[in-house]
Structure formats: C-alpha cells, structure tokens
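Hi,

Here is the structure I promised to pass on. Have a look at it first, then read my notes below with the viewer open.

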Amino acid sequence: MFSPLTKNRARVAPPATNNRRDDLISDRPATGTPAPWAPRLSVLARVSPGDQLKPVFVGEFPQLVRDEQATNNSHVSVSGGMDKQTCLSWFNTGTKLFVWGHLTSRKCLVLDIPLTIQEPATTVAKSWLVSVVPWDTSAAPPTRAARSRCPVGIVMCNRITRAVVYWSDIFSGQEAAPVTNLGSSQDKSSSFSYRQSNGRRSTRAVSSDLNSLITSPVGTIERLCIAIVCSSDGELWQFTCSPTGVKSNHLHLNVSSSSISEGYPRSLIWRFSPGLARESCCQFFMLTDCDIHCFAIDPYPALTISKVWHHEIVGTDGDSGIKKDIASQKQIWPLDLQVDDQGKVITVLVATICMDRASSSSYTQYSLLTLEHKSEMRFSDGREERVLEKQAPIQVIIPKARVEDKDFLFSMKLRVGGRPPGSAIILSGDGTATVCYCHGNSTRLYKFDLPYDAGKVLDASVLSSTDEHEYGAWTVLTEKAGVWAIPEKAVLLGGVEPPERSLSLKGSSNERSRDETRSTPYGIDRTARWENSDLQNSGDKGNPKMGFNRQTACEEESEALLGQHFEDFLLSGKVDGSLEKLSESGAFDKDGETNVFARKSKSIVDTLAKHWTTTRGAEIVAMTVISAQLVEKQQKHEKFLHFLALSKCHEELCSKQRHSLQIILENGEKLAAMIQLRELQNLINQSRSAIFGSPHPGSEDQVSCALWDLIQFVGEAARRNTVLLMDRDNAEVFYSKVSELEEVFHCLKRQLEYIIRAEQPLGIQVQRACELSNACATILRTAFDYKNEHQMWYPPLEGLIPWHSRHVVCDGLWCIASFMLRLLSEASRIDISAKSDIYMHLEVLTEVLLEACASSTTAKLEREDENKGFLDEYWTRRDTIFDCLYQQAKEFMEADFQGVNERTEKTDEDIFRNRCSNLLSVAKRHAGYKIMWRICYDLNDTELLRNLMHEGVGPQGGFSYFVFQQLYNMKQFSKLLRLGEEFQDELLIFLKRHSDLLWLHQVFLHQFSSASDTLHELALAQDEESMTTIEERTVPEPEDVQPTFADRKRFLNLSKIAYVADKVANSQSKVKRIEADLKLLKLQEEVTKGVPTDGKSRNRLLRPEELIEICLGIGGRWMAIKAFEVFAWTSCTFRENHRSLLEECWRKAANEDEWVMLHQASSNDGWSDKETLQNLRNTALFQASNRCYGPNRINTYDGEFTQVLPLRRENPEDSTSSVEDVLMSHKDFAEAGKLMLSAIMLGCVEEGIVAEDESSPME
C-alpha cells in the first residue's frame, strides 16, 4: 500500500491453470506447498540470512478454489477473508463461498449462495459481508486440535439488498440448505437520530450500502446467534439467526453528534472475541465520524441493546482524541476501529485532509489514535467520567500523502494484534497491505509484496500463538497466491521510514526514482537504514520463537569469529590462539543461552536440511536421510566439544559460564535422544508393516501411531512459532528442532486428550499409551546414558536444573503416567495381557519420572529455593504410582498362583519376590519407604527389613525412622526397642521425638539421671510443646493422646525412683522439686474437680498462674487459701515474676472476712489476747500467713515468701512492698487495720496451730 514499487511494475502473469498443471512441475509435492505457478520459492529463500526479510509461504488455495479460479474469467471480482479465532479463510467468487482452514486440517467446503438472492456476476462478490460464528464458547483459548473440531456457522449479509444467508453448522457433514432473509432496500428508513448543535433532530431516509457486520453466538445448543450490521446512512439492524429462520429488527438508538457526515457509522467490533466467558463479552463498539459508542446486549429475557457510554475522539479536547479546527486542517475522517484481545486498548485509523500554506495544495495525513479503556463511572447528577484516555500521542504514519477520494479512504481496513507487538496492518481497497510499527519516536512501514503477481490482498489476520499471552505473526490472504506470513524480522529490519507518498497504486510526486529503488531488494538500503535506526540499540531482544534474537555488533563479531575458528579446526585440526582471540572478542562475557558457544551448539543441532523438503507428508519420516542427518549433527557436535577441549575454551566455560557449558552438553543429550527416538519410530513402522503387510512403511501405518501424532503436534507448534518454517513439514521441523525437545512433554500435557481420544477402543488406548510411555522413557534414558558417558565434560552442577528435570518435563511424564494409572483402574474392561503391558511400561516410566523429579528437587535444595510445595507434589506422585504398581503386582501374583500345580509356602514366596523385585529396586532408589515396608510386612521377612534399613540410610533416620514409626503406630514398642538395638543412631533420632519411649531406652542403657529428666519433662509437657514436636516431624504421625493426671503422677513417681537409683547424682533437691510438682498436680485435681470442662481440656496441665487465676475467679475462702498453696509449691523465681498476682491473692483473702464487724465485736466485748487469737485463727489472712510464713509453713523449697513479699516493712525507708502495704489499700483498713495486721502477725508466729479443716466447696 505504501510502496512505490507497485507502480507500473512489470508483473509476471501466472500461466493458465488447468487440471494438468501439477504435471508440468516434476518435483512439485503432492500437497502443493509452493505458489501454484512458481518453483519452491521458500526453499531458495533460506539460502542467505538476508532472505528472512521476505514473506514466507503458509499454504495455497485448496484444489476446489483453484479449479474455480481456472473456470472464472479474469473480470469477475472476488472477495475473501480470514478469521483469527477459528483459523478459517473464505473465498467468494460470486455464486459460491469456499471455506477452509488455513492452519488446521479443515477440509474445504463449498457453500452455494441461493439463486434467489444472487447479484450480477460482476459485483456479487464484493457486495457480501461474511462473518464466522464459532460455537465453542469455552473461556480458555482453543488449542489447534480443538479448532479443527469446533462447530462453525456462517452468516452472510448483502451490502445492497440487506439479504441475510445463515448456515448453522457448515462442518456437520449434513448438506442442509441455509436459511435466508430476503431484505429490501426500498423501504428502509434511517433509525439513527442525529442531534444537531441547535437541538433539533435531522433524520435521513436515504438508502446506503452496509459497512460492517459482526456476529456472536447466543445459544450453542440451539445454534442461535445474533448479527448486527450498520450502513453509511446511520442505519443499524439486528438479525437473530437460528436454523429455523432469520428475524430482522431495526435498532432505534439515539446517537448525539456535533456534525453529520455521509458514510458513517463505519465500523462495528466486539469488545471481546465472541464466545468468551466474560462479564462484558456482549459489548460492542461503533465508530462514527467523531465518536466511539459502546453498546451492550442483554440476552435475557430478550436480545435487547442499550447504550453504555460514548467517547468523543474528534473535538475541541485534544487530550481525549484529535483536536479539530486547527489551522491547516480541512477534514478529519476516522476510517476503522480495532480492539486488542483484552478489550482494553482501542486503535483508530484516521485520515486528516490538510492544507499546505506554502504551496496552497492539499495533502492527506494518516495516523493511528490509541485509546485505553478505563472502568465506567456514573454520578447521580448524570455526569459520566471519561471512559477512554489516550495511551500515547497520535502516531503519524504518513505525514504528507496524496489526497484520495472518499471511496478509497472508506475502503481502508485496520488489523491489530500481530508481531512485532504494537504493530498494525492496514489494508486498502486496491489490494495493498502495509504493516506499521511504531517504536519509540520511530515509525517503520513494511509493504507486503511478492516478486510475481499475487493479485490483491483480500484480508489479513494473525497466526494464533501457542501461548495465549503472546502475539502471532501477520498473515495475509492473497487473490492468487494463497496465504503468506510476514516474519517479525521482516518488519523490524525491512521497514522504511514513512515517506511522503500516496496510499494508493497511483504514485506520488514525492517518490524516489525507480533507479534508486531498484538498487537494493524492495528498494531499501538495509545497511544504512539499520545503522541509523533507533531499533539497533533498543531494549527489544526479539522473540526467540520467531527464530532470531537481537544481538549487538560485538556479539555478532564474537559469533562469527567462533564459527571461523571452528571451521578451521574441522579442516586442519588446529586451534592456535583460539582462546585468546575469542576472549578478546568478548565471547565469554555472557552466560546462558545468549553465550556465543551455546548459540553455536544450538545452531549445530538445529540445522535444517535443505534436501529434506523435496517431498512432504508422511513419507518424509520413512527416509533414511533423517537418521543420516541426525548422525551427521551428532558427529559435528562431538567435534565441537573436542574443539572446546583442545582450545581450552572448555576450561574457561567450566569455571566462568557453567550454565552455558551445561546447555552445550544438554544439546548433545537431546541430539542422542532424538536419534534413539527416530530409531524407535522406525521399529514401530517396521512392526506395523509386518503386521498389516503394507509395502510402504511409514505412510499408512504410522498414521495410527501415537508417536507419529505426537511428532505432528510438536512439529506443528514449532512451525507456527517460527514463521520461517511455515512451509516445512511437521515431522521435518520436529527432527530439526533438537534443542526444543522439552516441547514433547509440553505437548503431552496439553494435547494428550487428542492423541489418545476417549472415543477410541480401550485396546487402542492401551497401545497408544504404551507407545508414548516407551518414547518418553527412551528420551530420558538416552539422555541419562549420554550424561554418564560424558560425565567428565560437565561443569559442577550445583544449583543448575537439568533440562530433563524442569517442570514441563516432569508434568508431561506425570500426565502420561496418570493416564496409564487410569487405564489400570479399568480392571473389568481390559484383559490380563493388556494390563501386563501397561504395568511393564509404567514401571520403566516411573523410574525415569522419579529420576527427573529427584534431580529437580536436589537442584532446588542447592539453590535454597522454596520447595515445600514441589516436594509435597513429588511425594504424592511417587506414592500414588507405587501404590498402584504394588496393588497390580499382587493381582498378577494371584494369577501366577493359579498356574502353579503344587503350591507351597516357598513357591508363593518366590513368586511374590520375583514380582516385586523391580518395584522394590526403584523404591529403594527413590525413598519409597511406604512400599518397602509393605513388601517386607507382607513377606514377614525380618532379615529383608534389616537389610533395607542398613541400605536406606538417609536424612533424619531414613528408612529406619519410617520403620520405627510404623511399629510405634502399631504399638509394638518391644519390637521397636529390640530392633533399635541394631540401629542406635537412628533409634536415638526417633526417640528424641517420642519421649514416652525415650526413657525406657535410657533405663536400658543405665542412664538413670537422663531417664529421670525425660520422665519429668514428659509429665509436665504442655500442649504447645506437643504441637511443636508434631510440626517438626517429617513423617506424618497419629495425633498425640493427652496424658491423664494419673499418667503424669506415674511419670513423676518414676522420675523420682530413677533419680534415687542414680547413686552418683545428688538427688535431694531434684526429689523435692518432683514432690512439689506432685503437690501441684493434686491441687489442680482438687480445684478443677467441679469446674465444667470437656474431656480434652480436663487432662490439660495448667500453668501455676492459670491455676491461681481460676482460684481467684471462683471465689470463697477455701479457694483463696488454695491460691497461696499454689504459690507455696512453686519456685522463688515464679513468685518474683508474679508479684502482682501474689498481692492480688492477699487482697482476695482480706475480702473473705467482715473486718468491721470483727472490730466492733472486739471493742464491744473487750477481747483478751487469747480471745483475739481464737477469733482471728479462722480468718483467711491468718490461714494464709500461717501456711506461707509460719513455723509449719507448707514448703521451704527454693526460697521463702519473705524474699519476695514480707509481712511488714522492717525499714520504713525501704521501698520494697509488703503485705501490710497491700492491706493498707483495703476499704476496712482505716477502721480495722490493727486487727488485720494482728491476724497476719499472729499467723506467722503461731506454732502447732492446725487450721480448721474446711472441705472443698466443689465437693
């Protein structure tokens, strides 16, 4: 569209197409990958790196379309289009509509347009609007295989007559006639009311052509969809399409606009792709001459449309869009509207007619306006917050271009969403397509062009990427040459600065001379342009899936130097000065995939063989050239390793770039694995050929081979992600992309349901699952063998994750393993031989799966990554597979028992051992302790158990710890301790977390003092301590049973006995502490006897402060005295730390007696000293003083009460608090203080006083 090269170009006319055209080209593949009339251009395009700037062929028209093109005369107009969501293309020749999949395996269908609504042949094709209705409404992006099976409908609408044709399901296999609605343009009146600036409405009733058509599914099961069209006179129609008919409806919506222009509204587009499960999926945008309007469709109860918001893009506010009425502006034309996949970014193509003041001539400026969608906000007064805002300043594409007529401007269409990110493609009515890429302050234009006449560009789309968050490459549908793709590199490196030229094919006065443009391909001086481009130093590193990475000049120099030295080594075997020269060039500056040595290794293993492309289809994998090419790659890669060793680059990489060296050697692993995979495929093809008797192995038989289908899926994904490989065969791409071998496992995870389909017979599913399992095991075993053979070449791998241990590989292996586990569960549906096949393959697959996961776990531990979740997942998968394999092995044993004539205990045991030998071997290597224990337990083989415990040494006790735990759970404590005599260290690790058995072991070792300490701690263990112990355990254990008070007393008594038995230790103080704890246990029993508690908390040991608070909370004289007894049996440190609580006990005791009444009785009756002692003896203050301070106080263990809180302050100047100070704050102290002090002082000196025995109020 923007290139002057198309002007007066001498086009090469294609030869006349006939049914014998394929016979004219001797080496043409049967599938016809090159252009219909030309040699295989894409093969020649790969000769030099610069050829990556050319378009790449994707696919030609189906044979039905080519035949139709041959029969039609040249003046018959055609139209076509592409649909990104379904990967479908269509071609309209006038009376027929051809629909096929340009990326999927969809066959070409011919839909006959009903004769009753056909237009004259010269105009019918362009007078139809076509839209695809996908019936797959899942929220997730559809996979390639899903697209090839998704039901699809087609809606066509005539621009002039408004006639509608609807096919509900074109790929259903049933040739059902379409339903139609014969519209008429005679009685249509405008349904939009434009509000002029003076407030009056102006309604136009002039009929005009339709501009845009959008459709969306409404009812998937009913095949019900809605279609909306708009016309140039403001008319908006809604069509409800169903298999029974098409209903039409005018849409009466008020659209305010400051001006009225013919040709609007121009564009309709859904905010999100039809069918996505989003809240706003029923919203669509409409572009008018100065506004963007958003409407919403409410499907229930009826399909009603309402306006949501509108945003002015052409007005006086330049911040919201384009500012008008600027000097030199004459008219602004919004041409087309597009939205990104997330429904957030809106792009508008705008043409502005301007006046050049100097020359008084007019010119056209083309630009892109980008707006970002924000959340809608409405206020109570009717105001609305601005919904859209400028994402970036307006990007000018062409500053000065020829003034075109209105028809040409309105024929231009915009497409967004392709590579490079941020680019857009612009289509014009004269059949040109131009990619516009704005990067920073630079804008580059790339004109799609072929070196021969490809006809007009009918439409453009985007290749769907395997990653939903990635952009796809641009694809275009041509009139004569099929479908082509535009590489990202072509846009980045082949684009030109915006010229001042025409947008049409008419030429411009500002164009360069034809001699200048012919000086370089496509008229571009690439070297000068690249050197002056700001893209050279941009941070964009390119997309590796597109087949290139952006390199600096230094890196390119280093890579070229490495290639030169390696080629010299291949010729002469010498490496003189290679290390020094490569070091000076910066070859060792980067680590990882960008390292020049790693890139060289990748280029060796990923080399494409040009002679592979002479044929296509299934026959390619039957050729010995594939195996030979892979062997050649392996030999060259080995020579590359020798070059690194002889030049001492290996030592440099090993010390400074470990990751790069790992990648190089892993490429060798993958190459060896690919060779073995190829040999495996040959064996499968040969076996199938022998079974079916096919004379051409690899042609028909491998179509039903699961490995072949897997190769097709992986090769197709790689081909789609690298647009330069679009014309290559899937198998060819697969065997070439050696460095991307992980994609095999990625494909297994995502596409297994399509490789092994649920509707297939169970026997076929078993066969295909075993083939895939064998392929995966072959890949990984070969990689492991290669690594073992080249162990001396590898750098230290601490912290490096091998390729076969990445998540994508482990997940793919688990996916096929879990599928095989599901098959084994179908015990009643498959025979014993099929089960045996699954079992043997699953056994091998389990070994490589666990080996891969173990390597990943080790690397994560070395890197100190957070791996708790990964370890849990690994353990779960391991135990699941082992359990299933063991259960199946036991079923096989039952069948083996039936085949034995004379069964004895010895024969049964031998069969058992033989069946479980392999499983036991794998379990030993991967710490499958559960299965190891079950096998030993079922065999009742103690000797085997002891041997495994000796071999299974691991962290925290290893297998021995697990065995001890099982015996502990089974309450076989004597067996546990006897077995532990042989494993002292492991038993000690176990018993440290099981104190209830640790003391027995210590007694056995005559460690009586340690046993006493263990029993003492066990008796006083709190719940928090138990929970901490459980959390620290790595092996799940049953919930701890809370010991009762009887158990705690027993532990304390045993602790006292053990201390007494230890003649060496000084046991007197320790025994007193144990007796004090026994008293506290007794106090808790007495205090809590009547307190309502549940069964669990009744046995919970209370802390002393908790017990004291309970006493104070219950109240009563008895409880007040018991609180002091608790203090008495604790330590001096406890009393010091809880001084305030002790003072509260004294206040509580003072409140238990009526001191005012006692004082009045003392005054009235005149008590003698004897009477005073007798009356005060029963008070709570007297009892507390006597029990804590008296001659016969309760306990003298660990200090006196007077050290913490004396009864009276001896020195008035002493700041230490006393009981007297506490009592002075009592409300009765002013009147009865003397009597209260007498009570506490008499209590501390009275000997032989036994307080009146008060029974517990709880009894």
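On the face of helix 30 that is turned away from its buried side, you'll find the exposed residues Ala1046, Ile1057 and Val1060. Keep in mind as you look that this is a predicted model. The helix itself runs over residues 1045-1061, 17 residues in total. From first C-alpha to last, helix 30 reaches 24 Å, close to the 24 Å expected at 1.5 Å a residue.

So which residues of helix 30 are buried? They are Phe1045, Arg1048, Phe1051, Leu1052, Ser1055, Ala1058 and Tyr1059. These sit on the same side of helix 30, because they cover an arc of only 145 degrees around the axis. There's a handy general rule behind this kind of pattern: an α-helix has 3.6 residues a turn, so residues three or four places apart point the same way.

Now scroll back to the sheet made of strands 2, 3, 4 and 5. These four strands form an open sheet in the order 2-3-4-5, with antiparallel pairing. Strand 2 (79-83) and strand 5 (109-112) are at the edges; each has a single partner strand, so one side of each is left without a neighbour in the sheet. On average, neighbouring strands here are turned by 20 degrees against each other, ignoring direction. Strand 4 (residues 96-101) is joined to strand 5 by four bridges in the antiparallel sense, and Lys96 stands opposite Asp112 of strand 5. Helix 2 (residues 63-71) lies across strand 3 (88-92), strand 4 and strand 5, and runs at about 150 degrees to strand 4.

Next, try strand 8 (residues 164-167). Are its faces covered or open? Both are covered: Val164 and Tyr166 on one side, and Val165 and Trp167 on the other, are all buried. That fits another general rule, that side chains in a regular strand alternate between the two faces of the sheet. Strand 8 runs antiparallel to strand 7 (residues 152-158), with four bridges joining them. The two form a hairpin with five residues in between, and Arg162 in the turn has a positive phi of about 65 degrees. Strand 8 also pairs with strand 9 (residues 179-181), antiparallel again, over three bridges. Val164 is a nice residue to click on: it is the bridge partner of Cys157, and it also has Asn181 in strand 9 as a bridge partner.

Last stop is strand 14 (residues 236-242). Six of its seven residues are buried, so strand 14 is largely enclosed by the rest of the structure. Strand 14 belongs to an open sheet of four strands in the order 12-13-14-15, with antiparallel pairing. Strand 12 (210-219) and strand 15 are the edge strands here, each with a single partner, so one side of each has no neighbour in the sheet. The twist averages 20 degrees from one strand to the next.

How many bridges join strand 13 (residues 224-231) to strand 14? Six, with the strands running antiparallel, and Val229 stands opposite Trp237 in strand 14. Strand 13 and strand 14 form a hairpin with four residues between them, where Gly234 in the turn has a positive phi of about 90 degrees. Strand 14 and strand 15 (residues 245-250) also pair over six bridges, and a hairpin joins them through two residues. Two pairs to look up there are Gln238 opposite Asn249 and Ser242 with its bridge partner Gly245.

Cheers

Methods: Residues are numbered from 1 along each chain as its sequence is written. This is a predicted model: local features need pLDDT of at least 70, side-chain atom pairs count only at pLDDT 80 or more; totals for chains, interfaces and linings use all residues. Side-chain values use heavy atoms; hydrogens and water are left out. The expected span of a helix is 1.5 Å times one less than its number of residues. Buried means under 20% relative accessible area, exposed over 50%, partly exposed in between (1.4 Å probe, protein chains only). The arc is that of the directions from the helix axis to the C-beta atoms. Two strands pair if DSSP finds at least two bridges between them. Axes are lines fitted to C-alpha atoms, for helices over the stretch in contact, and angles run from 0 to 180 degrees between N-to-C directions. Contact means heavy atoms within 4.5 Å.
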